[in-house]
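Thank you for making the time this morning. I would like to walk through one model with you, beginning with the chain as a whole and then turning to a few of its helices and loops.

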Amino acid sequence: MAAAYKNNPTLNSQRAATRVTDEYVPIALAGYRPQIFGTAYYGTQWSESKVGSSTLSSQNVSGTTHSTTWPYGVGVTISQTIYDGLKTANSVRSAESQVRGQRELLRNTEQLVLLDAATAYMNVLQNSALLELQKQNLQALREELRAARDRFSVGEITRTDVAQAEASVATAQSELALAESNLNTSNAVFFQVIGLRPTKLTPGRPIDGLLPKTLPLAVETGLGKHPAIKSAQFAVDAGLSNVKVAEAALSPTLTLNGQASSDYNSQTYVQRTTSAAATLNLNVPIYQGGAEFANIRQSKETLGQLRIEVDVNREQVRANVVQYWGALQASKAAIESAQASVAANEIALRGVREEWRVGQRTTLDVLNAQTALFNARASLVTAQRDRVVASYAVLSATGDLNATRLGLKIATYNPKVHYEQVRDAWVGVRTPGGD
């Protein structure tokens with residue numbers, strides 16, 4: 001579990017997505033900050049002036065003059081928004097809600113990964129046990145075939161009995177190959193989810209001690225703590241802020257602008273011109289083509305959809321808790337039933353073999369008894385696997401399957417660390433991770 005928490009690519013990808021979402025807050029906060037631009041230019045300018053005799057009453061002078069200058073200059077512009085219809089404030093609220101919602105999605109992904117890890121672990125154990133049972137079953141059937149051939153050679157049974165034993169061995173060989181394939185598949189999934197090769201796995205244990213005591217309490221816990229519900233609720237908060245952001249397009253905006261520049265050789269005989277200005281600009285929207293109204297309507301419809309998604313997630317969580325709780329109770333009953341079946345089939349097989357030796361049972365009866373015992377043992381292995389997986393599934397359905405709850409001895413990922421590192425960053429292109 002600790003290895004999956006650390007190595008799983010899906011979980012690491014979701015952590016990266018959380019860090020991406022963190023940047024929405026400083027992006028929104030930029031609306032409170034000034035914008036500063038520097039400008040510079042350099043070029044050439046040519047002009048021609050023609051003077052006629054009629055322009056001078058006292059002198060009869062005419063002619064054409066040419067001039068070439070090389071103007072250049074520098075300037076700086078500063079713009080500070082004073083009022084924007086609370087667009088920036090609501091953008092920040094929306095971004096912060098998205099961050100909280102993304103953290104819940106990360107927590108939900110952590111749950112799913114840990115559940116996948118537990119399932120993959122138990123699948124390897126199950127398929128390893130089933131493979132061993134298949135080998136034992138094949139060995140037992142081969143012994144039955146050898147005994148059948150010996151008795152056929154002395155005329156105690158017919159060729160039909162031998163053929164039945166041969167058919168059972170052939171079927172067992174095919175099932176053994178399938179069991180080996182299933183184990184290879186589960187090993188591959190184990191590596192995909194956990195990032196390690198399965199070696200020397202210890203038996204898995206259910207985590208009933210971490211589960212709610214009753215089904216109603218499990219449902220209540222899931223509805224109150226599950227990250228899928230909380231993420232949907234934060235999405236509603238973000239959607240409400242987005243409606244206000246869209247409505248800000250109908251509000252006036254007030255900005256303070258400052259500009260300073262120095263121009264050199266901009267005109268003939270003018271060596272330098274320096275200017276500075278400060279203006280307060282009020283922009284009142286009257287009609288902007290109607291897109292702003294469509295954006296407002298769209299954001300309101302999106303908000304309505306997000307509110308419905310909260311109910312969808314609540315009902316999904318409720319259904320999952322009931323489903324997995326039922327699966328857990330069924331697996332407990334299945335273990336008891338399978339254990340009784342194994343014990344009964346072991347006695348039955350011993351009795352059938354004794355009766356077969358004295359001629360009171362046929363070879364087919366022995367083969368059927370051997371198959372019944374194998375099936376009972378396989379059912380017990382499957383029920384034990386289902387028992388463990390169902391306990392993890394119930395904890396996941398209640399929203400409480402995490403590294404801290406499981407007591408994993410590993411440093412847990414804290415998404416708040418990155419958020420605090422970037423929230424108030426005014427400049428810089430390097431990520432806190434050093435990229």
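**The chain, two helices and two loop residues**

The accessible surface of the protein chain comes to about 25,000 Å², and 54% of that surface belongs to carbon and sulfur atoms. I should say at once that what you are looking at is a predicted model, and everything that follows should be heard with that in mind.

As for the overall form, the C-alpha trace spans about 150 × 50 × 40 Å along its principal axes, and the radius of gyration of the chain is 39 Å, where a compact globule of 435 residues would have one near 22 Å. The secondary structure comes to 11 helices and six strands, and 36% of the 435 residues count as buried. If we take the contacts between residues at least 6 apart in sequence, 81% of them join residues that are at least 24 apart.

Let me turn to helix α2, which takes in residues 9–22. Its 14 residues, at 1.5 Å a residue, should span 20 Å, and the C-alpha atoms at its ends are indeed 20 Å apart, so the expected and the modelled lengths agree. At the start of this helix, a side-chain oxygen of Asn-8 comes to within 3.0 Å of the backbone nitrogen of Thr-10.

Which residues of α2 are buried? They are Leu-11, Gln-14, Arg-15, Thr-18, Thr-21 and Asp-22, and because they fall within an arc of 115° when one looks down the axis of α2, they line one face of the helix. The general background is that an α-helix has 3.6 residues a turn, so residues three or four places apart point the same way. As to what this face meets, the buried residues of α2 pack against α1 (2–7), α3 (24–29), α4 (87–153) and α11 (415–422).

We can look at the packing against α4 from the other partner, by way of Thr-109, which lies in helix α4. Thr-109 has a relative accessible area of 13%, and it is therefore buried, the cut-off being under 20%. Leaving aside neighbours within four places in sequence, Thr-109 is in contact with Thr-10, Leu-11 and Gln-14; of these, Leu-11 and Gln-14 are among the buried residues of α2 that I listed a moment ago.

The second helix I want to show is α6, residues 215–225, whose buried residues are Ala-218, Val-219, Thr-221 and Gly-222. These cover an arc of only 165° around the axis, which puts them on the same side of α6, while Pro-216 and Glu-220, on the other side, are exposed. The buried residues of α6 pack against α7 (227–247), α8 (291–357) and α9 (363–397). The N-terminal end of α6 is capped by Thr-214, a side-chain oxygen of which lies 3.3 Å from the backbone nitrogen of Leu-217.

Finally, two loop residues deserve a look for their backbone angles. Leu-86, in the loop between β4 (72–83) and α4, has a positive phi of about 65° although it is not a glycine, and at 51% relative accessibility Leu-86 counts as exposed. Lys-200, in the loop between α5 (159–194) and α6, is likewise a residue other than glycine with a positive phi, here near 50°, and Lys-200 is exposed, with a relative accessible area of 84%.

Technical notes: Residues are numbered from 1 along each chain as its sequence is written. This is a predicted model: local features need pLDDT of at least 70, side-chain atom pairs count only at pLDDT 80 or more; totals for chains, interfaces and linings use all residues. Side-chain values use heavy atoms; hydrogens and water are left out. Helices (H or I, at least four residues) and strands (E, at least two) are DSSP runs, numbered from the N terminus. The expected span of a helix is 1.5 Å times one less than its number of residues. Buried means under 20% relative accessible area, exposed over 50%, partly exposed in between (1.4 Å probe, protein chains only). The arc is that of the directions from the helix axis to the C-beta atoms. Contact means heavy atoms within 4.5 Å. A polar contact is a pair of N or O atoms within 3.5 Å; within protein, one must be able to donate a hydrogen and the other to accept it, and residues adjacent in sequence count only if both atoms are side-chain atoms. The radius of gyration is taken over C-alpha atoms; the globule rule is 2.2 Å times the number of residues to the power 0.38. Accessible areas come from the Shrake-Rupley method with a 1.4 Å probe; for residues, only the protein chains shown count as cover.
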